[in-house]
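Hello,

Here is the structure I promised to hand over. Please open it alongside this email, and my notes follow below.

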Amino acid sequence: MDTYLLPAAMRELPPPWQDLTYRRSQALEALALTEERREQARQVLRACLPDRRQSVHDWDEELRDFYEDRDDHTLDEADAWLTRIMPTTSQVTRERVAQVVGAWADIGIPTVPESPTEQWVDRVAAEWAASVRQALAHDAFAFIERANTAGLLNDGEAEDAALLAAAFVRVGVAVEAAVRLLVSLGRPRGEQALMELVRDDEVQDIRPYVRFRLLGLRRSVYEVRARQVTRDEEPLLPEGLQSLPHSWQNDFGWDATAPDSNSLAQARSALEACLTVERVPDDAQMCSDARADCSAIAEVVRALMPYPRLVTRERMNEAWRECQSLGFEFEGINAACFAKVWCKKIADRVTAAVFRWLADLPQGGGAAGEKEPAVLSATALWAAELAERCARRGSAVEEAIWFLHRTDDVPDSREALARLAFDPSLPATTRNAAQEWAP
């Protein structure tokens, strides 16, 4: 008696859903997006939804790793055996999986023992069953997404689809396809489902991906807020930064700015203003998520406050609340501390951008069409002092030291480099960076 690996609801799926070969995708492409077919797709999802989290393709990844550098079709042949022996959902049984495993051993798949054990067959059987769920659910979500894009889903269908998509994300099956559908559903239904998921501990391992897609939906909200004037809002950055016309979107870059007395005065004013921004401890423990995902926090802050003049208490508080709604759990930090951390980060970015621009300016006569050579020659004098101060306080250290190196024909720059290189009170990273260029 055959041991079925799929529940009865999956074994009894109507065509083309029961087909596990390439023909299913072809048939679905040609399938009309009727109400009956849309309900059928949701029924496929209900049938495929497991009652616990799934692991998919561990064995397949091992095979792919082995064959990554080989120019042959052995792996494709191994995969083909599965659907050759089990072309429909009703034929997915443990006995047929054992037959496939025997065929794999015969063709020399390296991860298959010559005499496969019962445990090995059970492992492949479980992974193949999970893979079938994954593939069918992916196609069902794609079918519903096509219908949604065509504007065919009514409110009830959209609500049902959102609930199913969220359920699949929680069990880790067809996650990308499910999230794509939620993004397609848009605001408010898809957005609300993603908001709930990103705060759900069940999706902790894929939270960064869910958050990334959610940010795509929220971006338009941020852009609307960024266009609003800062009437009666409390600025958090000093005046020397508020007047900068450069945006965070371009990393506060000055590349296209011509070097003249006005732009150099503005650069100096910006650097002096950055030096007055309060330094706060490193934010490595700012959130409990992986450090890499703190880029999502930066995206929120940047989108709400793309220019220094928009950095206000009110908008920082909005960014703080928004990040909490995106599932960030901050440790030992409140809204006021959050604002200080990001004001420091913005000041550091501006400092880095100014020194990159200054480092690329030719020094001496003829730098501005011979109109203002004296101004440019004098730049290194005041900038060297500011570069040393910035490096000492840990702000844009790499860029400040690079500027000093680029202008080391000026005594002030050489002396600043030497002081930074051999000051034992400075962090080793700062000293080492300066020693690389110190005379």
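**Salt bridges across the chain**

Arg218 and Glu322 form a salt bridge, with 2.9 Å between their closest N and O atoms. This pair links distant parts of the chain, since Arg218 sits in helix 11 (residues 207-226) and Glu322 in helix 15 (residues 313-325), 104 residues apart. Please keep in mind as you look around that this is a predicted model. Arg218 is buried, because its relative accessible area of 12% falls under the 20% cut-off. Glu322 is buried as well, with a relative accessible area of 9%.

Another salt bridge to look up joins Glu233 and Arg315, where the closest N and O atoms are again 2.9 Å apart. Glu233 lies in the loop between helix 11 and helix 12 (239-242), while Arg315 belongs to helix 15, so this pair ties together parts that are 82 residues apart in sequence. Are these two residues buried or exposed? Glu233 counts as buried at 15% relative accessibility, and Arg315 is buried with a relative accessible area of 0%.

By the rule used here, the count comes to 30 salt bridges.

**A network that includes helix 3**

Some of the charged residues do not stop at pairs: Arg38, Glu39, Arg42, Arg46, Glu157 and Asp160 are linked in a network of salt bridges. Within this group, the side chains of Arg42 and Glu39 meet in a salt bridge at 2.6 Å, N to O. These two residues are three apart in helix 3, so about one helical turn separates them. Their surroundings can be told apart by accessibility: Arg42 counts as buried at 8%, whereas Glu39 counts as partly exposed at 32%.

**How helix 3 packs on helix 7**

If you follow helix 3 (residues 35-48), you will find it packed with helix 7 (residues 118-149) at an angle of about 150°, the axes being 9 Å apart. Helix 3 is therefore roughly antiparallel to helix 7, as angles over 145 degrees count that way. The crossing of helix 3 past helix 7 is left-handed.

Which residues of helix 3 meet helix 7? They are Arg37, Arg38, Ala41, Arg42, Val44, Leu45, Ala47 and Cys48, and they meet Arg133, Leu136, Ala137, Ala140, Phe141, Phe143, Ile144 and Ala147 in helix 7. Sorted by class, the contact of helix 3 with helix 7 has twelve nonpolar, no polar and four charged residues. Arg42, one of the helix 3 residues in this contact, is also part of the salt-bridge network.

**How helix 13 packs on helix 16**

The axes of helix 13 (residues 261-274) and helix 16 (residues 335-359) come within 9 Å and cross at roughly 145°. Here too the crossing is left-handed, with helix 13 passing helix 16. From helix 13, Ser263, Leu264, Ala267, Ala270, Leu271 and Cys274 take part; from helix 16, they meet Ala347, Val350, Thr351, Val354, Phe355, Trp357 and Leu358. The residues of this contact divide into eleven nonpolar, two polar and no charged.

**One loop residue to look at**

Finally, find Ser247, which is placed in the loop between helix 12 and helix 13. Ser247 is buried, with a relative accessible area of 7%. Leaving aside residues up to four places away in sequence, Ser247 touches Phe252, Gly253, Pro306 and Tyr307.

Happy exploring, and best wishes!

Conventions:
Residues numbered from 1 in each chain as written. Predicted model: local features only at pLDDT ≥ 70, side-chain atom pairs only at ≥ 80, totals over all residues. Heavy atoms only, no water. Axes fitted to C-alpha atoms, helices over the stretch in contact; angles between N-to-C directions. Helix = DSSP H or I, 4+ residues; strand = E, 2+ residues; numbered from the N terminus. Left-handed = near helix turned anticlockwise from the far one by under 90°. Contact = heavy atoms within 4.5 Å. Nonpolar A, V, L, I, M, F, W, Y, C, P; charged D, E, K, R; others polar. Parallel < 35°, antiparallel > 145°, perpendicular 65-115°, else oblique. Salt bridge = Lys/Arg side-chain N within 4 Å of Asp/Glu carboxyl O. Buried < 20%, exposed > 50% of the residue type's maximum accessible area, 1.4 Å probe, protein only.
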